[in-house]
Amino acid sequence: MSGQTSRIVYVNGNFVPEHDASISIFDRGFLFGDGIYEVTAVLDGRLIDSAPHMARLERSVGEIGGYLPMSTNEIVDIEKTLVEKNNLNEGLIYLQYTRGTEDRNFLFSRDLQPTLVMFTQAKRLDGGEALKQGLKVKTVADQRWARRDIKTICLLPQVLAKRIAQADGCDEAWMVEDGLVTEGASSTAYLVTHDGKLVTRANSTATLPGCTRIAAIELAREEGLAIEERPFSVEEALSAKEACLTSASNFIMPITMIDGKAIGDGKPGPIVQRLRKLYLEVARRTAV
């Protein structure tokens, strides 16, 4: 975003400088966390995995009984306009939907007009030193609600988990329930077994259906890797050959340490590195 002192953001039908952007204090997203969000990566000025992000947005909004104020094609056009207006070559687009604005009441009016905001964030997505060294993960108790498949803006448990991980010198938190890893605070969790199988949880209400996960699993199958969609324990992860995570902001990243214990030989493994390389090639080719 060189040459600009202020980002241009989108708020309810208008493109405005960020310092002029505002929503009501009575917005249900602010009062109740009554909303949904999406984060889409941008590489070379183009949107990565746009279609699955829009599909997940529609599904999440529907699961809370809401409706989008426009089509997903129109939303994508707005995202592209934001990329252009902010000269964004590499980074992220954040989208937030809320049910709308009215005086505080747990029950809501059926005729509310939704709030829709979007903004860009310039960010390096090449992984930097973390790609060379691998990420460090800390396991924490999963304290979230039962509908984790909905990409809600209620992220306090994830905020606290990441703070705990950061305090222990880690890059991400893996949340654990009944001894089993559910997912990362902002990512999907995987391990690679010593016989070369890629293991990750199946989609359910226990985890968020990751958009990068879709491409990662498809690429793994094309590479001839066996996929096991099942829960795995912390103990199994600690003894894995490799481990990794996927997310829109990290793509596919190797994990080399969990709870202070090195995974494999403590270096990014060849299977994860190969999948990341293939993912980036496909992502750039299919970006919009």
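**View 1. Strands E10 and E11 side by side.** Welcome to this predicted model. Strand E10 and strand E11 (residues 197-200) run antiparallel and are joined by two bridges. To find the pairing for yourself, look for Leu 191, whose bridge partner in E11 is Val 199. The two strands, E10 and E11, make a hairpin with four residues between them. In the turn sits Gly 196, with a positive phi of about 85 degrees.

**View 2. Strand E11 meets strand E12.** Strand E11 also pairs with strand E12 (residues 226-229), here in the parallel sense and over four bridges. A good landmark is Thr 200, which has Glu 229 as its bridge partner in E12. Strands of a sheet pair through backbone hydrogen bonds, and the pairing may be parallel or antiparallel.

**View 3. A look into the largest cavity.** How many cavities of 30 Å³ or more are there? The count comes to three, and the largest cavity holds about 40 Å³ of space. Among the residues lining the largest cavity are Thr 182, Glu 183, Thr 188, Ala 189, Thr 200 and Arg 213. Strand E9 (180-184) and strand E10 (188-192) are the elements that give two or more residues to this lining. What kinds of residues make up the lining of the largest cavity? They divide into two nonpolar, five polar and three charged.

**View 4. The six-stranded open sheet and its helix.** Let us move to another part of the model. Six strands form an open sheet with antiparallel pairing, in the order E2-E1-E6-E5-E3-E4. Strand E2 (14-17) and strand E4 (46-47) are the edge strands, each pairing on one side only. Helix H3 (residues 72-85) packs on this sheet and touches strand E1 (8-11), E2, strand E3 (35-43), E4, E5 and E6. The direction of helix H3 makes about 35 degrees with that of E6.

**View 5. Strands E5 and E6 up close.** Within the sheet, strand E5 (residues 90-98) pairs with strand E6 (residues 115-122) in the antiparallel sense, over eight bridges. One pair to pick out is Ile 93 and its bridge partner in E6, Thr 120.

**View 6. Thr 139 and its surroundings.** Thr 139 belongs to strand E7 (residues 135-141). Which side chain forms a polar contact of 2.6 Å with that of Thr 139? The partner is the side chain of Asp 259. Leaving aside residues up to four places away in sequence, Thr 139 touches Trp 174, Val 176, Val 234 and Ile 258 as well as Asp 259.

Technical notes. Residues are numbered from 1 along each chain as its sequence is written. This is a predicted model: local features need pLDDT of at least 70, side-chain atom pairs count only at pLDDT 80 or more; totals for chains, interfaces and linings use all residues. Side-chain values use heavy atoms; hydrogens and water are left out. A polar contact is a pair of N or O atoms within 3.5 Å; within protein, one must be able to donate a hydrogen and the other to accept it, and residues adjacent in sequence count only if both atoms are side-chain atoms. Contact means heavy atoms within 4.5 Å. Two strands pair if DSSP finds at least two bridges between them. Axes are lines fitted to C-alpha atoms, for helices over the stretch in contact, and angles run from 0 to 180 degrees between N-to-C directions. On a 1 Å grid over the protein atoms alone, a cavity is a set of points where a 1.4 Å probe fits but cannot get out, and a pocket is an open set with protein on both sides within 12 Å along at least five of seven lines; lining residues have an atom within 4 Å of a point. Grid points are joined across faces, edges and corners, and a volume is the space filled by probe spheres set on the points. Ala, Val, Leu, Ile, Met, Phe, Trp, Tyr, Cys and Pro count as nonpolar, Asp, Glu, Lys and Arg as charged, and the others, Gly among them, as polar.
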